[in-house]
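Hi,

Here is the structure I said I would pass on. Have a look at it first, and then read my notes underneath.

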Amino acid sequence: MVGKQAADPITDNKKRRRVGFPNLDDGVEANECIKIFLVGGKEEVDAADSFCLDPVDLNRFFGDDGKIYGYKDLKITIWLSSISFHAYADIAFLNTSDGGKGITDLKSALQRIFGESLLEKKDDFLQTFSTESQYIRSVVVNGEVLHYEASKEHNDNSNSHLKVEACAVEVIRMAVNSMPVGQLYSRLVPLVLLLVDGSSPIDITDPGWEIYLVAQRKADEQEYSTLLGFATVYRFYHYPDSSRLRISQILVLPPYQGQGHGRHLLETLYSVAISEKVYDVTVEEPSDYLQHVRTCIDTLRLLVFDPIQPAIHSVVSHMKQVKLSKKTCSFQFEPPASAVEDVRRSLKINKKQFLQCWEVLIYIGLDPIDQHRENYVTFISDRMKVDILGKDSGTAGKQVIEVPNDYDHEMTFVMFRTPGGEVGSIEMDKNQASQEEQLCQLVDERMKEITLIAQKASLHHA
Ligand SMILES: CC(=O)SCCNC(=O)CCNC(=O)[C@H](O)C(C)(C)COP(=O)(O)OP(=O)(O)OC[C@H]1O[C@@H](n2cnc3c(N)ncnc32)[C@H](O)[C@@H]1OP(=O)(O)O
């Protein structure tokens, strides 16, 4: 025995290791083993060039660590119909074994995303392309058509079945708390969960919710065949006799993004707000890209809104003539209260959004910006300081501290006042240096956003 031990140490070590850590299962991240395809017909299921979705984060549906356990070589392929919004999951693996972390219940995890629209049998799923081919049409038949836009042909590289060819695109408005519409929304929930960051489903029984569907039909046909996108909007009461519209979720299906449908949907919502004399329109936690599209639209609307042109002109000419110092200046760079009110009343743009656009309007007014860039950056930097620190940001005894925050760079600062306003000078110097650095970084980012929006807006305005 002694001789054998001495002769075969490797085998023995291996055995010991196995006893210590029996079949340890590292699991696999949901993001790595699940692929979801959006398909518009039977023939696209299993086809090599189907349209693959890019979900924000699949891991969040799978436990605390986002992992799936107990499967060897797991591959999950999900087909999501863009006709009826049913889904089917093809789950393939070599074998299952409990490696200490159990065997993940895939069916219930997938149901948390896809709910009742997840069908068990592939044949049933394939059948929906014929049995439910008129699904969208049957839902929107009683809807109110708000907008007509003859769409152009797009020569992009997207999947041919999902491409919007010569067709008519309309926005159709419906209350969510009616049977067919509530059911359609329920079938759209998986797309909302997968593609709208941080979203959760709306309450389809609440009469305050409306859905605005972007639907397309072929030019030579009367019936709608494809849903391109949608927005859910809540109507809040506003004292004494009006309402506010809040856009909660807006989604253009990925194959149709970047073709102007999001823009048209927002423009339609604004025209509803204007014609129904609502107080204003707000957007619930807009993503960066939606905020970009929204600010492009609003800037274009503001560029042709006469009542505010004198106020823009006054700020622009002051900025062209005077060198702004970093110190506080008595000139009023903000839009006057009357302009804020005119913009809200006529265009339904709320004050916060107007201030975002105001910066772009001043930038465009200074064109060509080069010789006024320094002044403009001071203006932006001062505005950001006020946003972050409050009006009296120059006062001693206030500091900015950084707070981890997943949502918004601009919210990562908190101001606090130290007791008696006294802070150790070395400590203060360090903090101020890093505050300055961080502020510079935020100003840089904001300058990039403004430049991009100004370029787009000038292009469309010209
Ligand atoms: C409150 C919330 O819901 S936050 C979450 C928002 N939703 C999401 O993030 C989900 C995923 N994203 C989406 O659904 C969409 O991308 C949206 C809703 C954000 C924007 O909708 P889209 O249809 O993609 O935007 P749209 O096409 O109108 O405008 C985007 C770009 O297309 C350009 N465009 C406009 N019209 C056309 C056209 N006819 N042809 C080609 N491009 C066009 C615009 O100039 C714009 O370009 P830019 O980004 O370079 O400025």
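**What I found**

There's an open sheet of five strands, running in the order E3-E2-E5-E6-E7 with mixed pairing. Do keep in mind as you look around that this is a predicted model.

At the edges of that sheet you'll find strand E3 (51-52) and strand E7 (118-119). Each of them has a single partner strand, so one side of each is left without a neighbour in the sheet.

Further in, strand E2 (residues 34-39) pairs with strand E5 (residues 75-81) in the parallel sense, over six bridges. If you want a spot to zoom in on, try Val 39, whose bridge partner in E5 is Ser 81.

A helix packs on this sheet too: H5 (residues 122-131), which touches E5, strand E6 (87-92) and E7. The direction of H5 makes about 25 degrees with that of E5.

Then there's a pair of helices to look at. How do the axes of H8 and H9 cross? Helix H8 (residues 261-275) and helix H9 (residues 288-303) have axes that come within 10 Å and cross at roughly 55 degrees. Angles from 35 up to 65 degrees count as oblique, so H8 and H9 are oblique to each other. The crossing of H8 past H9 is right-handed.

Which residues meet there? From H8 come Gly 262, Arg 263, Leu 266 and Glu 267, and they meet Val 293, Arg 294 and Ile 297 in H9. Sorted by class, this contact of H8 with H9 has three nonpolar, one polar and three charged residues.

Cheers

Notes. Residues are numbered from 1 along each chain as its sequence is written. This is a predicted model: local features need pLDDT of at least 70, side-chain atom pairs count only at pLDDT 80 or more; totals for chains, interfaces and linings use all residues. Axes are lines fitted to C-alpha atoms, for helices over the stretch in contact, and angles run from 0 to 180 degrees between N-to-C directions. Helices (H or I, at least four residues) and strands (E, at least two) are DSSP runs, numbered from the N terminus. Angles under 35 degrees count as roughly parallel, over 145 as roughly antiparallel, 65 to 115 as roughly perpendicular and the rest as oblique. A crossing is left-handed if the near helix is turned anticlockwise from the far one by less than a right angle, and right-handed if clockwise. Two residues are in contact if their C-beta atoms, placed from the backbone, lie within 7 Å. Ala, Val, Leu, Ile, Met, Phe, Trp, Tyr, Cys and Pro count as nonpolar, Asp, Glu, Lys and Arg as charged, and the others, Gly among them, as polar. Two strands pair if DSSP finds at least two bridges between them.
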